[in-house]
Structures are given as C-alpha cells and as structure tokens.
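Colleague: Mind if I quiz you on the terms you use for this one? Let's pull it up first.

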Amino acid sequence: MAVREIRLLGDPVLRQKAEPVEEVDDEIRELIDDMLETMYDADGVGLAAPQVGLSRRVIVVDTREDDVAPFGLVNPAIVETGEERERGEEGCLSIPGLKEIVERPSRVVVEGLDRDGNPVRIEAEGLLARVLQHEVDHLDGVLFLDRVSALKRNMLLKRWKKLRK
Ligand code: ZN
C-alpha cells in the first residue's frame with residue numbers, strides 16, 4: 001500500500017467524467033488499498049479516484065461510525081434518493097482549508113461492486129449518505145463548491161486563492 005498524491009482544485013482531472021471500471025482486478029484492489037491509506041493519511045472520510053489522478057469510477061469511504069466498516073466501491077451509482085433534504089458541513093481533501101454547508105438528500109441508495117467484483121447495495125442515511133453523494137459527485141467532475149450558491153462559491157474561491165499564496 002502507498003499514499004498517493006492528492007490532486008487539488010485547479011487540476012483538470014477533478015473536472016473530468018471518470019471512466020467506468022470494466023473488471024475489478026488486482027490493479028483496482030491495489031488502487032482501493034492505496035486510496036484508503038491516502039484518505040487516512042489526510043484524515044478524510046471519503047476519497048474518489050480522480051482525487052489521486054485516476055479518472056476511474058472508484059471511491060472509498062470510512063465515516064468512522066461504529067456500524068459502518070471502511071469500504072471501496074467500484075462503479076457506484078445513486079439509484080434512489082429520498083425526498084427529504086438535510087444541511088451539513090462539507091470539506092474536501094482536494095480543497096483543503098475550505099468548509100461550507102451543503103444541502104443534499106438525507107437518504108440515498110447506492111449500488112456498485114465491492115473489491116471482489118460482487119454487486120452491493122447500500123441504503124444510507126446521515127453522514128454516510130452525504131459522503132457517498134460527495135464522492136459520486138467527484139466521478140462526474142462535480143465538487144461541493146458547485147452545490148452552494150454562486151455568492152458563497154465566489155467567497156470560497158477567493159479564500160482558496162488567499163490560502164494558496
Ligand atoms: Zn471531495
């Protein structure tokens with residue numbers, strides 16, 4: 001396992017639509033292991049493959065909740081969203097230093113493949129639902145900044161430029 005370099009806002013890979021994985025092989029399992037290690041190293045709760053420079057549909061999640069074991073998910077798709085929406089603070093390992101309240105559906109059902117290529121279905125609420133939506137967004141080139149008002153986004157981008165100096 002190895003910690004990979006996390007790509008930051010401004011890197012074009014973060015804005016690409018990631019390619020589906022055709023076969024869950026050893027290369028993908030190694031990617032999942034590296035992504036988990038990279039996520040823990042950066043003290044995050046989720047990471048998507050584009051964040052380590054690979055435009056593939058792979059995410060890892062560990063919400064540090066007692067009833068949720070860390071997992072990798074290949075080709076994840078949100079197949080159901082609840083009607084209720086919830087506001088919660090989000091940050092992103094690709095935009096360190098910035099946090100903002102983002103409103104999202106409070107419940108989602110996500111389907112994908114596990115690290116052995118077996119189909120899985122995850123019914124998620126609360127933090128897990130939020131993290132899954134945030135990570136699946138990454139696979140479509142969407143960042144949490146895109147989910148806040150234009151006014152807030154401009155403020156965040158100004159702060160980001162200051163932080164980067
Ligand atoms: Zn993120």
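Modeller: Sure, and let me start with the lining of the largest pocket: by class, six nonpolar, five polar and six charged residues. Bear in mind that this is a predicted model, where local features need pLDDT of at least 70, side-chain atom pairs count only at pLDDT 80 or more, and totals for chains, interfaces and linings use all residues. Residues are numbered from 1 along each chain as its sequence is written, and side-chain values use heavy atoms, leaving out hydrogens and water.

Colleague: What makes a residue polar in that lining?

Modeller: Ala, Val, Leu, Ile, Met, Phe, Trp, Tyr, Cys and Pro are nonpolar, Asp, Glu, Lys and Arg are charged, and the others, Gly among them, are polar.

Colleague: Which secondary structure element gives the largest share of the lining of the largest pocket?

Modeller: H2, with five residues. Helices are DSSP runs of H or I with at least four residues, strands are E runs of at least two, and numbering starts at the N terminus. H2 covers 126-139, and strand S4 (85-90) also supplies at least two lining residues. In total the chain has three helices and seven strands.

Colleague: Why is the chain called as compact as a globular protein of that length?

Modeller: The radius of gyration, taken over C-alpha atoms, is set against 2.2 Å times the number of residues to the power 0.38. For 165 residues that rule gives 15 Å and the chain comes out at 15 Å, so the label fits.

Colleague: How much of the chain counts as buried?

Modeller: 46% of the 165 residues, with buried meaning under 20% relative accessible area (1.4 Å probe, protein chains only).

Notes. Buried < 20%, exposed > 50% of the residue type's maximum accessible area, 1.4 Å probe, protein only.
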